[in-house]
Amino acid sequence: MNTRCPHCGWPDSEPCSVLSRHVTPEGQTVRTRCACGSLQVRLITSAGAHVVSRSRPARTFAGSG
Ligand SMILES: [Zn+2]
């Protein structure tokens with residue numbers, strides 16, 4: 001996986017924090033949180049890993065105020 005977080009540039013291959021991991025018939029579903037607070041859902045199968053869902057960064061990084 002050579003992609004990076006579009007919000008902060010963190011490499012997707014090195015998740016900052018792993019929140020949960022579930023084994024499914026298709027492979028593993030892993031939820032991670034990026035350094036910027038963006039939550040990711042990634043699917044890991046025998047064919048490789050890819051991010052299937054990615055949320056916006058945490059509001060605390062928006063700099064409001
Ligand atoms: Zn990020």
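These questions and answers walk through a predicted model of a protein and its zinc ion.

Me: How many strands does the protein have?
Reply: Start with the order of elements. From the N terminus on, they run β-β-β-β. There are zero helices, and the number of strands is four.

Me: Which strand has the highest mean pLDDT?
Reply: For the whole protein, the mean pLDDT is 88, and 91% of the residues reach 70 or more. Among the elements, strand 4 (residues 48–54) has the lowest mean, 91. The highest mean, 96, belongs to strand 1.

Me: How many bridges join strand 1 to strand 2?
Reply: The two strands form a hairpin, with two residues between them. Inside this pairing, V18 stands opposite T32 in strand 2. The strands run antiparallel, and the number of bridges is seven.

Me: Which residue in the turn between strand 2 and strand 3 has a positive phi?
Reply: Strand 2 and strand 3 run antiparallel, joined by six bridges. Q28 stands opposite I44 in strand 3. Five residues lie between the two strands of this hairpin. The residue in the turn with a positive phi, about 100°, is G37.

Me: Which residues coordinate the zinc ion?
Reply: Look at the spacing of the donors along the chain. It reads C-x2-C-x25-C-x1-C. Each donor atom is an SG, at 2.3 Å. The residues are C5, C8, C34 and C36.

Me: Why is the arrangement around the zinc ion tetrahedral?
Reply: Four donors count as tetrahedral if all angles lie between 85 and 135 degrees. Ideal tetrahedral angles are 109.5 degrees. The arrangement here is tetrahedral because the four donor atoms subtend angles of 95 to 114°.

Me: How many residues apart are C5 and C34?
Reply: Both C5 and C34 help coordinate the zinc ion. The pair links distant parts of the chain: C5 is in the segment before strand 1 (17–24), while C34 is in the loop between strand 2 (27–33) and strand 3 (39–45). Both residues are buried. Their separation in sequence is 29 residues.

Me: Is S38 buried or exposed?
Reply: S38 sits in the loop between strand 2 and strand 3. Leaving aside neighbours within four places in sequence, its contacts include H7, T32, R54 and P57. Buried means under 20% relative accessible area. S38 has 0%, so it counts as buried.

Me: Which residue's backbone oxygen lies 2.6 Å from a polar atom of the S38 side chain?
Reply: Take the contacts of S38 again, without neighbours up to four places away. They include R54, S55, R56, P57 and A58. The backbone oxygen at 2.6 Å belongs to S55.

Me: What is the relative accessible area of A58?
Reply: A58 lies in the segment after strand 4. Not counting residues up to four places away, it touches C36, G37 and S38. A58 is partly exposed, because its relative accessible area is 31%.

Me: How far apart in space are A58 and L39, C-alpha to C-alpha?
Reply: In sequence, the two residues are 19 apart. In space, their C-alpha distance is 8.7 Å.

Me: What share of the protein's residues count as buried?
Reply: The C-alpha atoms fill a box of roughly 45 × 20 × 15 Å along the principal axes. Among contacts between residues at least 6 apart in sequence, 25% join residues at least 24 apart. The protein has 65 residues, and the buried share is 20%.

Conventions. Residues numbered from 1 in each chain as written. Predicted model: local features only at pLDDT ≥ 70, side-chain atom pairs only at ≥ 80, totals over all residues. Heavy atoms only, no water. Donors = N, O, S within 2.8 Å, 3.2 Å for Na, K, Ca; no water. Tetrahedral: all angles 85-135°; square planar, octahedral: opposite > 155°, others 65-115°. Buried < 20%, exposed > 50% of the residue type's maximum accessible area, 1.4 Å probe, protein only. pLDDT = per-residue confidence, 0-100. Polar contact = N/O pair within 3.5 Å; in protein donor to acceptor, adjacent residues only side chain to side chain. Contact = heavy atoms within 4.5 Å. Pairing = 2+ DSSP bridges.
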